[in-house]
Amino acid sequence: MNKSRRSFLKVAGFSAFALTSGMAALSGVAQAQIAPGKYEPAANALHAKRWAMVIDTRQFKGPEDYKPLSDACHAFHNVPQIPGNQEIKWFWLDSYAHVFPDDMNAHLNTHSRESMYPLLCNHCTNPPCVRVCPTQATYKMEDGIVAMDYHRCIGCRFCMAGCPYGARSFNFKDPRKFLSNPVPNPEYPTRMIGVVEKCTFCAERLAVGKLPACVEAANGKILFGDLEDPNSTVRQALAANYSIRRKPSLGTQPGVYYLI
């Protein structure tokens, strides 16, 4: 084993030891003082007890119909286009077999079976990513949104291991080097190398009275609202249509629903 590999393993070992022993040494009082971040809402902020999204996939003819949605999301959040296998994704597409691997309907129609489906963070009611994060860099807000505090992220990637939906990306490279100058949205912070990022249900837009970027770009094909309000558009859509969620058997209770 060469010197560079020994040095890497030594640093990694010390880091793991410091992380586990340091967190274990924190008293209950000290841990209570580590409060997660939050978004300060404006006077015109949108509110909900439990935000949820309903994607009507029946209204999308193909991958090209989803492109304006991913473009809007990635432009607003300064998500870079990194070539190779280290892409950063907040809103992306995948096949039915990968999106709904536990579906047991062997007689699903061909169109549904062969279509591509949009993916994003599911903002679960019981998010495993939050439970495993040692620094509260990822945390659950009162309205159900699973948010991120990039300044707290130490790059351990425990949240990526805990997420069963592959909804998180790690910045192996400096993402700012792959953004235009000026960046697409100067008002939204860029991230740095060594942190994890993902969809946040556009919590910062909700805080100023705007719907998520993908919802706005969908022109009614994606609904967004309060799951706890029987009169909300999402509840009405779920009551009137058959819907499915990703990997329901895991008990995470995703906040993203699909109309197939």
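Mentor: Two strands count as paired if DSSP finds at least two bridges between them. The model discussed here is predicted.

Trainee: In which sense do strands E1 and E8 pair?

Mentor: Strand E1 covers residues 51-56, and 5 bridges join it to E8. Since at least two bridges are needed, E1 and E8 count as a pair. Their sense is antiparallel.

Trainee: Which residue in E8 stands opposite Met53?

Mentor: E8 comprises residues 222-226. The residue in E8 that faces Met53 across the pairing is Phe224.

Trainee: Which strands stand at the edges of the open sheet?

Mentor: The sheet is open, has 4 strands and mixed pairing, and follows the order E8-E1-E10-E9. An edge strand here has a single partner, so one of its sides is left without a neighbour in the sheet. The edge strands are E8 and E9.

Trainee: How many residues of strand E8 are buried?

Mentor: A residue is buried when its relative accessible area is under 20%. Strand E8 is largely enclosed by the rest of the structure, because the number of its buried residues is 4 of the 5.

Trainee: What share of the chain is buried?

Mentor: The chain has 10 helices and 10 strands, and its residues number 260. Carbon and sulfur atoms supply 56% of the roughly 14,000 Å² that the chain exposes. Of the residues themselves, the buried share is 43%.

Trainee: How many residues does the largest nonpolar core have, and how many does the second have?

Mentor: Among the residues with the most contacts inside the largest core are Met53, Trp90 and Ile222; that core has 45 residues. The second core is separate and includes Val146, Cys153, Val195 and Val196. The count for this second core is 9 residues.

Trainee: What share of the contacts with a separation of 6 or more comes from residues 24 or more positions apart?

Mentor: These contacts are counted in the chain, from a separation of 6 upward. The part contributed by residues 24 or more positions apart is 65%.

Trainee: Is the aromatic pair of Phe60 and Tyr66 stacked or edge-to-face?

Mentor: The structure holds 10 aromatic pairs. In the pair of Phe60 and Tyr66, the ring centres are 4.1 Å apart and the planes differ by 15 degrees. Planes under 30 degrees apart meet the cut-off, and the pair is therefore classed, by the definition that applies, as stacked.

Trainee: Are Phe60 and Tyr66 buried or exposed?

Mentor: Phe60 has 4% relative accessibility, and Tyr66 has a relative accessible area of 2%. With the limit at under 20%, Phe60 and Tyr66 are buried.

Trainee: How many residues lie between the positions of Phe76 and Tyr188 along the chain, given as their separation?

Mentor: The rings of Phe76 and Tyr188 form a tilted pair, 5.9 Å centre to centre with 50 degrees between the planes. Phe76 is partly exposed at 22% relative accessibility, whereas Tyr188 is buried at 8%. Phe76 belongs to helix H3 and Tyr188 to the loop between strands E6 and E7, and this link between distant parts of the chain joins residues that are apart by 112.

Trainee: Which residue has its charged end over the ring of Phe76?

Mentor: An arrangement of this kind also involves Phe170, with the charged end of Arg157 over its ring, 4.6 Å from the centre. For Phe76, the distance to the ring centre is 5.0 Å, and the charged end is that of Arg205.

Trainee: Which residue is joined to Asn181 by a cis peptide bond?

Mentor: Most peptide bonds are trans. The bond following Asn181 has an omega of about 5 degrees and is cis. The partner is found in the loop between E6 and E7, and its name is Pro182.

Trainee: What is phi of Cys202, and what is phi of Lys247?

Mentor: Most residues other than glycine have a negative phi. Cys202, in the loop between E7 and helix H8, is buried at 6% relative accessibility, and its phi is positive, near 50 degrees. Lys247, in the loop between strands E9 and E10, is partly exposed at 21%. Phi of Lys247 is also positive, near 45 degrees.

Notes. Residues numbered from 1 in each chain as written. Predicted model: local features only at pLDDT ≥ 70, side-chain atom pairs only at ≥ 80, totals over all residues. Heavy atoms only, no water. Buried < 20%, exposed > 50% of the residue type's maximum accessible area, 1.4 Å probe, protein only. Helix = DSSP H or I, 4+ residues; strand = E, 2+ residues; numbered from the N terminus. Core = buried A, V, L, I, M, F, W, Y, C linked by side-chain atoms within 4.5 Å. Contact = heavy atoms within 4.5 Å. Areas by Shrake-Rupley, 256 points an atom, 1.4 Å probe, with all protein chains shown as cover. Phe/Tyr/Trp six-rings, centres within 6.5 Å; stacked < 30°, edge-to-face > 60°. Lys NZ or Arg CZ within 6 Å of the ring centre and 35° of its normal.
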